[in-house]
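This report describes the surroundings of a bound ligand and several local features of the protein chain. The sequence and structure are shown first.

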Amino acid sequence: MKLVVIGGGVTGLAAAHRAVELARERQAPLELTLLEARERLGGTIASERVDGFLVEAGPDSFLSEKPWALALCGRLGVENRLVRTDDRFRKVFVWHGGRLHPLPDGFQLLAPTAMRPFVTSSLFSVHGKLRMALDLVLPRGHADDESLGAFVRRRLGAEALERVAQPLVAGIYTADPDDLSLAATMPRFLDVERRDRSIILGLRRALARAPLPGTSGARWSLFVTFADGMEELVTTLAGRLPAGAVALKQRVSGLERSAAGWRVRTSDGGHLDADRVILATEAHATARLARYLDPSLANLLAEIPYSSAATVSLGYRRADIPHPLDGFGFVVPRTEGKALLAGTFSSVKYPGRAPEGHVLIRGFLGGMLNAAILDASDAALISRTRAELREALGITAEPVLTRLHRWPASMPQYRVGHLARVEAIERAAGALPGLFLAGAAYRGVGLADCVRSGETAAEAALQG
Ligand SMILES: Cc1cc2nc3c(=O)[nH]c(=O)nc-3n(C[C@H](O)[C@H](O)[C@H](O)COP(=O)(O)OP(=O)(O)OC[C@H]3O[C@@H](n4cnc5c(N)ncnc54)[C@H](O)[C@@H]3O)c2cc1C
């Protein structure tokens, strides 16, 4: 079988690797080509070593709760390359009223599960705490798919939304919670409400049944990364593909049905024939390629909005930072009016990110809520980040390392109704035999979801 995978991000790589695994298991011949438009593999994953620092330009970790990336690491034999977070510093801070407040212990994304730290927290007003406690008695809601913002406001109140849910969610999806589909992004909370009515009680019961990863001596922390950065996943996957399978700087410009299956055209005028094609590109890129195959499919794909983001990594001498940096980092509610969505204390969270006596801090900017800021020059973004780190952490010293990375149109937004759109996309794509879609745009934006999406596409492509 001739299989062409388009897109060399983690989804395309996971798809290509799974196809190789399956062909080997079944002793079936496979002629594999992976076409990537850029001069490097990895898509949004990129790690770099600079002056003893290990800088993550994009994702810095993956969730161990979702099993697919960990399972892949197991099959690749690289579990020994994974590193845990330093859970002595599990704390996350929230910027509120001009200073950093610790998020109370036991707060699970949207709601508290431990009462004492919640009641004594400086992050919430008395009124806000009482309103959150109302969740204990409020009845269930009825909406099939409501926004995450509406859900949190309804169950836990405006303060919980503004001070916790909104900034934590912005740090993951860079989205306005009032646009974000709860069912597509955090179905767990919908299930908790359906099953237990109260989010607080439901989360407490779930915790009693199964402690969270990273607690009670679990093997993995909630977030895991690679000793040499997330790019290790990319190089390992690429290294397991047949020699010559990867073609870089090959932008696919067209896709046509042919007598034998598919003809894949590249922008240098060349073409490749394939029996099966996996499209592991961003939805906007997939929409362009689907335009002449099925315009309504292309429209559905183009309707998935993407946001842009930037990361600013700053290295400092430890002695130059007055703050104890006793946490993984901080998130910033939009009500604070800052450029930063979040800041990660990278070298506290993970070992090996900064040379001895130094620390690495990474700011995250942009997203759906603050897209305009990315029009600023690199120098302006760096100086804004430094000014806000001065306010939050008291850092006035010059950084010894400064790196900025921009990620234009890189983060798909799961708006209310997203799952219905994805079902329609899957139905339309299902009518194009031999063509399979995968990637962050559909059923999960995290790396673990992308691995699952790519592997599922490979399994479907090699079927029959
Ligand atoms: C700044 C940032 C931080 C993040 N942090 C985390 C994190 O900590 N943990 C986590 O789990 N997730 C994180 N994510 C999300 C995660 O990184 C992405 O969802 C995931 O990497 C997407 O992988 P993908 O392969 O689906 O898409 P991409 O990585 O976007 O790859 C798509 C590839 O397709 C190629 N392509 C596009 N068009 C064509 C064409 N016509 N021909 C050939 N090739 C083409 C592109 O060049 C690209 O390489 C983060 C994302 C960003 C941007």
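The sections below treat the ligand site, one helix, two sheet regions and some individual residues.

**The ligand site**

The model is predicted. The ligand is surrounded by 33 residues, of which Thr11, Glu36, Thr44, Ser61 and Val445 come nearest. By class, the shell around the ligand holds 15 nonpolar, 13 polar and five charged residues. Three polar contacts to the ligand are listed in the table.

| Protein partner | Ligand atom | Distance |
|---|---|---|
| Threonine 11, polar side-chain atom | oxygen | 2.7 Å |
| Threonine 44, N or O atom in the side chain | oxygen | 2.7 Å |
| Valine 252, polar backbone atom | nitrogen | 2.9 Å |

Taken alone, the ligand would expose 1,000 Å², and the protein buries 91% of this area. Helix H1 (10–26), strand E21 (401–412) and helix H16 (447–461) each give two or more residues to the shell around the ligand. The largest share, three residues, is supplied by E21.

**Helix H1**

How far apart are the end C-alpha atoms of H1? They are 24 Å apart, in agreement with the 24 Å that its 17 residues should span at 1.5 Å a residue. H1 is mostly covered, with 14 of its 17 residues buried. Glutamine 27 follows H1 and has a positive phi, near 50 degrees.

**Helix H16 and serine 453**

Serine 453 is located in helix H16. Its relative accessible area is 18%; because buried means under 20%, serine 453 counts as buried. A polar atom of the serine 453 side chain lies 2.9 Å from the backbone nitrogen of glycine 439.

**Strand pairing**

Three strands form an open sheet in the order E5-E11-E6, and their pairing is antiparallel. Strand E5 (62–63) and strand E6 (82–84) stand at the edges with a single partner strand each, so one side of each has no neighbour in the sheet. Three bridges pair E6 with strand E11 (residues 223–226) in the antiparallel sense. Within E11, valine 224 stands opposite arginine 84.

A hairpin is formed by E3 and E4, with two residues between them. In its turn, aspartate 51 has a positive phi of about 50 degrees. Strand E3 (residues 47–50) runs antiparallel to E4 and is joined to it by four bridges. Serine 47 has glutamate 56 in E4 as its bridge partner. Which residues of strand E4 (residues 53–56) lie on each of its faces? Phe53 and Val55 are on one side and Leu54 and Glu56 on the other; all are buried, and both faces of the strand are thus covered.

**Positive phi in two loops**

Most residues other than glycine have a negative phi. Lysine 249, which is not a glycine, nevertheless has a positive phi of about 50 degrees. This lysine 249 is found in the loop between strand E12 (246–247) and strand E13 (252–257). Leucine 325, also not a glycine, has a positive phi of about 50 degrees. Leucine 325 lies in the loop between strand E17 (306–317) and strand E18 (329–331).

Are these two residues buried or exposed? Lysine 249 has a relative accessibility of 61%, and because the cut-off for exposed is over 50%, lysine 249 counts as exposed. Leucine 325 has a relative accessible area of 3%, under the 20% limit, and is therefore buried.

Notes
Residues are numbered from 1 along each chain as its sequence is written. This is a predicted model: local features need pLDDT of at least 70, side-chain atom pairs count only at pLDDT 80 or more; totals for chains, interfaces and linings use all residues. Side-chain values use heavy atoms; hydrogens and water are left out. A residue is near a molecule or strand if one of its heavy atoms lies within 4 Å of it. A polar contact is a pair of N or O atoms within 3.5 Å; within protein, one must be able to donate a hydrogen and the other to accept it, and residues adjacent in sequence count only if both atoms are side-chain atoms. Accessible areas come from the Shrake-Rupley method with a 1.4 Å probe; for residues, only the protein chains shown count as cover. Ala, Val, Leu, Ile, Met, Phe, Trp, Tyr, Cys and Pro count as nonpolar, Asp, Glu, Lys and Arg as charged, and the others, Gly among them, as polar. The expected span of a helix is 1.5 Å times one less than its number of residues. Buried means under 20% relative accessible area, exposed over 50%, partly exposed in between (1.4 Å probe, protein chains only). Two strands pair if DSSP finds at least two bridges between them.
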